[in-house]
Every structure is written in C-alpha cells, then in structure tokens.
Amino acid sequence: MTVLVLVLAPATATAGLPRLRAVPDPDGRGRIVDGAGREVVLRGVNVNALAEYWKGTRFRTVFPLEAHDPLQMRRLGFDAVRLLVSWSRVEPAPGRYDAGYLARLRRTAARLTAAGLYVFVDFHQDAWSASLAARPNEACAAGSEPALGWDGAPAWATLVPASVARCAPGGVREVSPAVRRAWTAFWDDEPGPGGVGIQRRYVRMVSHIARAMAREPGIAGYDVMNEPNAFGGAEQVALSRMYARAVRAIRAGERRGHGPRRLILFEPSILWSDAGGGAPPPFKADRDVVYAPHIYTGAFDNGPITAQPFTIALDEARDLGGVPVLSGEWGAARGRADYMGAHLDLQDRYLLSSTQWTWRESCGDPHQRATALAGAVSTGTFALWGIDCATNRSLPIGGALRATVSRGYIRAAPGRLAAMRWDAAQGTLEASGRAARARTVLEAFYPRSRAVVSGSGLKRALAERVPGGTRITARAKGGKWSLSVAR
C-alpha cells in the first residue's frame with residue numbers, strides 16, 4: 001500500500017472518545033486498549049486550572065483554562081489531559097461536598113473531551129496541605145527554613161498539633177515535621193472530625209467524585225493520589241492498603257452513578273525517581289488499574305534521561321500483575337528540548353503513555369515563588385508556556401520546544417503495537433504491530449500537513465487535516481502490519 005497525499009480534506013467532527021480498559025500481561029507488557037481491542041498510546045499534559053494552592057505572593061495561584069487551550073493542546077498532538085483537583089476544594093468541610101466546584105470540574109472536563117482529549121481526574125497533593133505553611137515569625141533550627149504551603153488536604157483533615165514545627169530541613173518540603181505528622185495520621189487513619197478516620201474521609205471523597213463523573217463522556221480514569229509521601233516499608237504497605245480501599249470506593253461510586261468502569265492510576269512513593277524505583281506492594285484490585293510512576297530522572301539535576309527508569313517501571317509493573325504503565329508526570333525546565341526529545345524517544349521505544357508536567361504555571365504557584373519575588377522571567381519552569389513574573393503574563397511556547405513536543409505517533413494500533421519510532425530530523429514515523437483483526441482501524445498523528453504513507457498489512461489509507469498536522473487512518477488486513485509516514 002502506498003498513498004501520496006497532496007491535498008487534504010478538512011477534519012471531520014469529533015465522534016466521541018472510545019472507552020478505555022487495561023489488558024494486563026504478567027509475562028510481558030500490559031496495554032491500554034479501546035473497545036475495538038486497539039492498543040492506545042496516550043500523549044498529553046497536566047492542567048492545574050482547578051487546583052487550590054497556598055497563596056504566598058500577590059499573584060493568583062493558577063490560570064484558568066483558556067477558551068483556546070484545548071485546541072492548542074490538540075495542535076501539539078496531545079490526546080489526553082491529567083486534570084488536577086484538590087481535596088480542599090472538593091470537601092471544604094467534613095462530609096460537605098462543594099457542588100459548585102464539582103460543576104466546574106464537569107464543565108472543564110467536557111470542554112477537554114469535546115476537543116478530543118481524554119481526561120484523567122488527578123487527586124493532587126504536594127506536601128499534604130496548603131495549611132502547613134510556616135506561621136508568621138516561625139523560628140526554624142539551623143539548616144531548616146520556614147516551610148511554604150502547598151496543596152491537597154483541607155485544614156480540617158490535617159491532624160497536626162500546633163507544637164509541631166512547620167520548617168523544611170534543607171528546603172525539602174516533604175520532610176517538614178508538620179508534613180510528616182500529617183502523613184502519619186493519614187496512614188494510621190487517625191480519627192478526625194466526627195470521629196471518622198482521615199483516610200476513610202479521603203476514600204469517601206474519591207468515591208464521591210467517581211459517582212459525580214460517572215456519566216461524563218471521555219473520562220479515561222482517576223489517579224488516586226499524586227506523589228504519596230510513603231517513606232519506608234511500613235508506609236509502603238499502608239499505601240497499598242489505601243489503594244485497595246480506593247479501588248473499591250471508586251468502583252462503588254461508578255456503580256452508584258450508573259457509569260462505566262474507568263481506569264484507575266496508582267503511583268509509587270514520591271521518592272521513586274530519586275531512589276531509582278520502589279513500587280508499592282501488590283494489592284487487591286481488578287484488571288483496569290495502571291501503574292503511573294513519575295519519570296523525572298535527570299530532570300532536576302540537569303542530568304540525562306536514560307533507559308533505566310523505563311525498564312524499572314516495566315519490571316515493577318510485571319511484578320504488580322503485568323499492568324500497563326503511564327507516566328503521569330515527566331518533563332524538564334524550559335530550554336532542555338534535548339532532554340525532552342530523548343525522553344519522548346524512550347517513551348516510543350518502550351511504548352509508554354504519558355502526560356507531561358505541565359501546561360501553564362502562574363507566578364502565584366508555590367513552584368514559582370522565588371521567581372515571583374524576584375519579578376523575573378521564569379526560565380526554570382517545567383510548564384510548556386513560560387511566564388514573566390514581573391507581570392504574571394504567559395509567554396508563548398518556544399519554537400524549539402514546540403517542535404520537540406509535537407511529533408508523530410500511533411494513537412490506536414490494530415492489535416498489539418510492537419514498535420514505534422519518530423525521527424524528528426527526517427520527519428518520519430515508523431511503526432509495526434501484530435495480531436490485528438481484519439478491518440480494525442489504525443490511527444496515527446503526523447505533525448505535518450503533507451504526508452507520504454506506505455506500509456504492509458494495511459489498506460485504505462486515508463489522511464485528513466487536523467489541528468497541528470494530519471490524522472492518518474488505515475484498515476488492517478489481519479495479522480502483522482507495518483506503517484511508514486514521511487513528508
């Protein structure tokens with residue numbers, strides 16, 4: 001099959017996003033698939049527009065999702081968003097859920113899915129809670145500094161005595177005594193308001209969101225907890241127990257909401273990248289769970305990204321029953337297009353899905369506080385958009401970064417995807433697969449407006465212009481197939 005595409009038809013309307021499920025493989029690589037049995041590769045970005053951060057500067061802490069943002073994401077080839085929500089906003093008082101906030105969540109998710117972007121609802125936290133910022137004039141021991149607040153749990157769920165220091169040794173937020181005390185209470189499910197355990201409250205909240213979103217189309221799944229602070233063997237065991245409770249609670253919420261079963265993402269400890277691995281122990285779950293480590297190796301110390309964290313993640317996933325792997329966060333400071341290109345090459349090599357950190361960051365975000373106080377232009381942000389902290393004005397995505405992130409890939413492969421490679425210099429996409437049922441449709445994104453398509457085991461290759469490039473489809477003949485796209 002060879003098709004030379006010179007003139008491309010306008011894109012057709014989005015027909016809706018197929019529901020996703022997981023196919024574990026204890027002896028190989030687990031996959032995310034759709035209803036047609038096609039292996040799906042998700043490439044996306046994090047969006048923090050609904051998160052509630054500690055406010056430590058004069059700037060707002062997040063930017064809203066702009067009207068043109070979903071289309072801009074599609075122009076980069078993205079097909080997924082990890083959408084942050086904050087427990088402090090979902091449940092501002094014990095047992096009282098904020099209907100207005102949940103309505104915003106539904107509206108935001110609907111805008112994204114209408115643009116063809118799957119949504120993972122991410123229950124986000126960093127250093128437990130915004131309420132754990134150092135108090136005015138807090139005295140910290142030598143080697144420690146007053147802690148910033150971050151995001152996550154409401155103050156009422158933060159069981160920390162006033163006598164516990166809110167200081168960050170070496171500036172590390174996670175080892176603040178107050179943060180450690182809050183996590184101990186969570187792992188032990190200590191009773192909070194009304195005598196109800198804090199972990200139980202959290203799991204109920206997660207279930208409530210699953211129920212509220214049960215009938216919303218395009219919801220790919222839920223990330224149970226961002227970067228849990230599980231330090232040491234006992235807390236790792238407690239993490240797995242919490243995941244087992246959360247899986248049951250999410251499934252109960254879906255049933256009560258009369259919705260389908262979605263994917264459930266579970267993460268290792270925040271220490272994973274620094275420690276070079278460390279999955280939580282296996283826990284009782286169904287098939288539709290996905291291992292979601294954050295592959296940041298080299299990103300914070302200006303080092304390289306290597307194959308090692310990818311092979312570790314896949315090995316750990318096999319030990320967890322062969323579940324699929326999706327890196328819920330990865331990225332690097334602006335200007336490190338070399339790192340990001342190498343990271344994406346490794347994602348292709350190991351056929352992993354991912355959502356990059358992040359779309360935009362406001363100067364009021366605690367991540368940007370030093371830059372905001374200096375009134376400088378941020379060159380160290382992990383966000384795709386830069387930021388001028390003299391004015392809190394977003395700066396356009398740079399050309400080199402845009403060219404790195406926007407790349408060809410297989411979005412849905414007939415049967416099992418065996419290999420995929422994008423050559424940015426040559427503008428070529430190569431892929432192959434096997435065990436395809438006849439007439440199953442392959443779908444690929446190619447970031448050019450003209451394409452030469454060739455291959456084997458495929459027929460009826462079509463191309464249509466879409467935001468940012470070309471959508472290529474072809475029907476499998478059955479059995480093995482290969483695809484080559486060039487400009």
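Let's start in a loop: threonine 358 sits in the one between β14 and α10 (369-374). What is the peptide bond from tryptophan 357 to threonine 358 like, cis or trans? It is cis, with omega near -5°. Keep in mind as you look around that this is a predicted model.

Another loop, the one between β7 and β8, holds asparagine 137. This residue is not a glycine, and yet its phi is positive, at about 65°.

Now for the sheets. Strands of a sheet pair through backbone hydrogen bonds, and they can do so in a parallel or an antiparallel way. In this model, 8 strands make up an open sheet with parallel pairing, and their order is β12-β11-β10-β7-β6-β5-β14-β13. Which strands stand at the edges? They are β12 (289-291) and β13 (326-327); each has a single partner strand, so one side of each is left without a neighbour in the sheet. Helix α3 (residues 99-114) packs on this sheet, where it touches β6 (80-86), β7 (118-124) and β10 (219-223). The direction of α3 makes about 170° with that of β6. Helix α6 (residues 232-256) lies across β10, β11 (263-266) and β12, and it runs at about 155° to β11.

Let's zoom in on one pairing: β5 and β14 are joined in the parallel sense over 3 bridges. Follow valine 45 across to β14 and you reach its bridge partner, glutamine 356.

There is also an open sheet of 3 strands, in the order β15-β16-β17, and here the pairing is antiparallel. At its edges you'll find β15 (377-378) and β17 (393-395), each with a single partner strand, so one side of each has no neighbour in the sheet. Strand β16 (residues 386-388) is joined to β15 by 2 bridges. One bridge partnership links serine 378 with isoleucine 387 in β16.

How about the aromatic rings? A search of the whole structure turns up 20 aromatic pairs. Take phenylalanine 266 and tyrosine 291: their ring centres are 5.5 Å apart and their planes are at 40°, so the pair counts as tilted. This pair links distant parts of the chain, since phenylalanine 266 is in strand β11 and tyrosine 291 is in strand β12, 25 residues apart.

Finally, let's look at the empty space. Rolling a probe the size of a water molecule over the atoms shows where such space is left. How many cavities of 30 Å³ or more does the structure hold? There are 6 of them, and the largest has about 100 Å³ of space. Its lining includes Arg43, Trp330, Gln356 and Tyr409. Two elements, β5 (43-47) and β14 (353-356), give two or more residues to that lining. By class, the residues lining the largest cavity split into 6 nonpolar, 4 polar and 2 charged.

The largest pocket holds about 960 Å³ of space. It is lined by 37 residues, and the closest to its centre are Trp150, Arg173, Glu174, Phe300 and His367. The elements β8 (144-146) and α7 (272-275) each give two or more residues to the pocket lining, with the largest share, 3 residues, coming from α7. Sorted by class, the lining of this pocket has 17 nonpolar, 11 polar and 9 charged residues.

Technical notes. Residues are numbered from 1 along each chain as its sequence is written. This is a predicted model: local features need pLDDT of at least 70, side-chain atom pairs count only at pLDDT 80 or more; totals for chains, interfaces and linings use all residues. Side-chain values use heavy atoms; hydrogens and water are left out. On a 1 Å grid over the protein atoms alone, a cavity is a set of points where a 1.4 Å probe fits but cannot get out, and a pocket is an open set with protein on both sides within 12 Å along at least five of seven lines; lining residues have an atom within 4 Å of a point. Grid points are joined across faces, edges and corners, and a volume is the space filled by probe spheres set on the points. Helices (H or I, at least four residues) and strands (E, at least two) are DSSP runs, numbered from the N terminus. Ala, Val, Leu, Ile, Met, Phe, Trp, Tyr, Cys and Pro count as nonpolar, Asp, Glu, Lys and Arg as charged, and the others, Gly among them, as polar. Two strands pair if DSSP finds at least two bridges between them. Contact means heavy atoms within 4.5 Å. Axes are lines fitted to C-alpha atoms, for helices over the stretch in contact, and angles run from 0 to 180 degrees between N-to-C directions. Rings of Phe, Tyr and Trp (its six-membered ring) pair if their centres lie within 6.5 Å; planes under 30 degrees apart count as stacked, over 60 as edge-to-face and the rest as tilted.
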